[in-house]
Amino acid sequence: MNPDQTLPRRSLLLGAGALGGGALALSACSAEPSGSSASSAAGPSVPPGTPVKVGKLSEVAVRGTATGKVGGRTVVIFRPDEKTVLAYDAACTHAGCPVAPAGEDFDCPCHGSSFKGSDGSVISGPAQAPLGKLKAAIDGEWITVTA
C-alpha cells in the first residue's frame, strides 16, 4: 500500500480497521476495545485507559506511518521496527489541525509543521511542542492504542 491509500471498508470493519503500510483512514469508523467481540465500533464511549484495536500489525510496514481513531480521537502511528509501535495524538501542537503521515514522519497541512515519527518531536515549526504520546502495544496480530 502507498502512504496515501485508504483501506477498503471491509478491512475497516474488522476490529475497527486495519493499518496500511502507509496511511490508515478510519474517519468513518471508530475503534473497538481490545478483546471485545462486538462487531460494532466502540466510538466515543470508549472508557479512558481502555486499549483499542486500531489495525493489524501486518498492514503497517516497518518505518511506516498510519492514522486511526480511538474513541472519536484521531491518532497517528509509527512502526520503528518489527516489535514496536508508537502512537501520538494527531492534533498539531501549533493550532490543533490533524497531522498526516508523510513517509516516516507526520506533517500538518494547515501551517506546515513537521514531526518525527520516531519520537513526535518537532522537525519544523511553527509548532514548538512535540505531539502528545499515547500508549501503543502489539497484541497478537493487532496494534492497540490507549487514549
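1. A salt bridge here is a side-chain nitrogen of Lys or Arg within 4 Å of a carboxyl oxygen of Asp or Glu. With that in mind, welcome to this predicted model. E82 and R79 form such a bridge, their closest N and O atoms being 3.2 Å apart. The two partners sit in contrasting surroundings: E82 is exposed, at 55% relative accessible area, whereas R79 is buried, at 6%.

2. The whole structure holds four salt bridges. One of them joins the side chains of E141 and K56, at 3.1 Å from N to O. E141 is in the loop between β10 and β11 and K56 is in strand β2, so this bridge ties together parts 85 residues apart in sequence. Both ends are partly exposed, E141 at 46% and K56 at 23%.

3. R73 and D89 make another bridge, with 2.8 Å between the closest N and O atoms. It links strand β4, home of R73, to strand β5, home of D89, across 16 residues. R73 is partly exposed at 29%, while D89 counts as buried because its relative accessibility is 18%, under the 20% limit.

4. Now for the interior. The largest nonpolar core has 14 residues, and V54, V70, V75, I77, I143 and V145 have the most contacts inside it. Strands β2, β3, β4, β5 and β11 each supply at least two of its residues. Apart from it lies another core of 13 residues, including L86, C97, C108 and F115.

5. Finally, look for the one aromatic pair. Y88 and F106 meet edge-to-face, 6.2 Å centre to centre, with 65 degrees between the planes. Y88 belongs to β5 and F106 to β7, 18 residues apart. Y88 is buried at 0% relative accessible area, and F106 is buried at 0% too.

Notes: Residues numbered from 1 in each chain as written. Predicted model: local features only at pLDDT ≥ 70, side-chain atom pairs only at ≥ 80, totals over all residues. Heavy atoms only, no water. Phe/Tyr/Trp six-rings, centres within 6.5 Å; stacked < 30°, edge-to-face > 60°. Helix = DSSP H or I, 4+ residues; strand = E, 2+ residues; numbered from the N terminus. Buried < 20%, exposed > 50% of the residue type's maximum accessible area, 1.4 Å probe, protein only. Core = buried A, V, L, I, M, F, W, Y, C linked by side-chain atoms within 4.5 Å.
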